[in-house]
Amino acid sequence: VYNLDTIRSNISRLKAAFRDWTIKFSAKSNINQDVIQTVRDEGVDIVCGSPQEIRRLQRLGVDPESIQYVAVQPGKEAIETLTNIDGQSELTVSIESLGTLHRLIENDFTGKATVRINSNYLTEQDSFTSRNAKFGLSPESAVEAFNLIEDSAIDPVSMYCHTGKMKTEHKMSLFYEALQGLSAFIKEKNIPVNAVNVG
């Protein structure tokens, strides 16, 4: 049983707390038709992580502009879905590896990209994952990704990092530390984006 009024109330509280931010809902948590419709009616974008979720969101009438696809190593089915979706130029894909980026370029993807940097490079906090883990690019690889994107039909719209795997008890201070590190990296490397995404 889902209480749609409670969902609306929670979204209202989030919007009040983060006035200048775009709030996104994770489809993997609940792909129920009425929940998705309520979330979209409240102006919240959707993050998904599988080709099945993308196709279901399409069937529910969610605009590609409102969808961000996040997956560490999308398989062949996912790449085909991303590159054949109606309105793909409005879809945003998280680039978490150079391999994924190469496959998207080879398959003529013309959508938007948010390049994920491993948050371990942005903070001094201990993490459950190492710097060479699969969760995002190193700073050097992120710069390489933007160089590849510049020579492709993909539109670089943002940079993305995720702080969920950190050990620290001070989650909000970690959030700000990662945000500051990401902002400093963007300025230092003159990265051509106009938004940041901190999961």
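1. Helices and strands are named here from DSSP runs, with at least four residues for a helix and at least two for a strand, and numbered from the N terminus. On that basis, and bearing in mind that this is a predicted model, Asn-190 falls in the loop that links α7 (171–189) to β7 (196–198). The phi angle of Asn-190 is near 55°, which is a positive value in a residue other than glycine, and Asn-190 counts as exposed because its relative accessibility is 66%, where the cut-off for that class is over 50%.

2. A second residue deserves a look for its backbone: Asp-108, in the loop between α5 (98–106) and β5 (112–116), has a phi near 60°, again a positive value in a residue other than glycine. With a relative accessibility of 58%, Asp-108 is likewise classed as exposed.

3. Turning to the helix packing, α1 and helix α2 (residues 33–41) meet at an angle of about 35°, and their axes lie 10 Å apart; the crossing of α1 past α2 is right-handed. On the α1 side the contact is made by Leu-4, Ile-7, Arg-8 and Ile-11, while α2 contributes Asp-34, Val-35, Thr-38 and Val-39.

4. Helix α1, which spans residues 4–17, also holds Leu-14, and this residue joins Phe-18 and Trp-21 in making a nonpolar surface patch of about 260 Å². Leu-14 itself is to be described as partly exposed, because its relative accessibility is 38%, a value that falls between the limits of 20% for buried and 50% for exposed residues.

Notes: Residues numbered from 1 in each chain as written. Predicted model: local features only at pLDDT ≥ 70, side-chain atom pairs only at ≥ 80, totals over all residues. Heavy atoms only, no water. Patch = residues over 30% accessible without salt bridge, like charges linked within 9 Å, V, L, I, M, F, W, Y side chains within 5 Å. Areas by Shrake-Rupley, 256 points an atom, 1.4 Å probe, with all protein chains shown as cover. Salt bridge = Lys/Arg side-chain N within 4 Å of Asp/Glu carboxyl O. Buried < 20%, exposed > 50% of the residue type's maximum accessible area, 1.4 Å probe, protein only. Axes fitted to C-alpha atoms, helices over the stretch in contact; angles between N-to-C directions. Left-handed = near helix turned anticlockwise from the far one by under 90°. Contact = heavy atoms within 4.5 Å.
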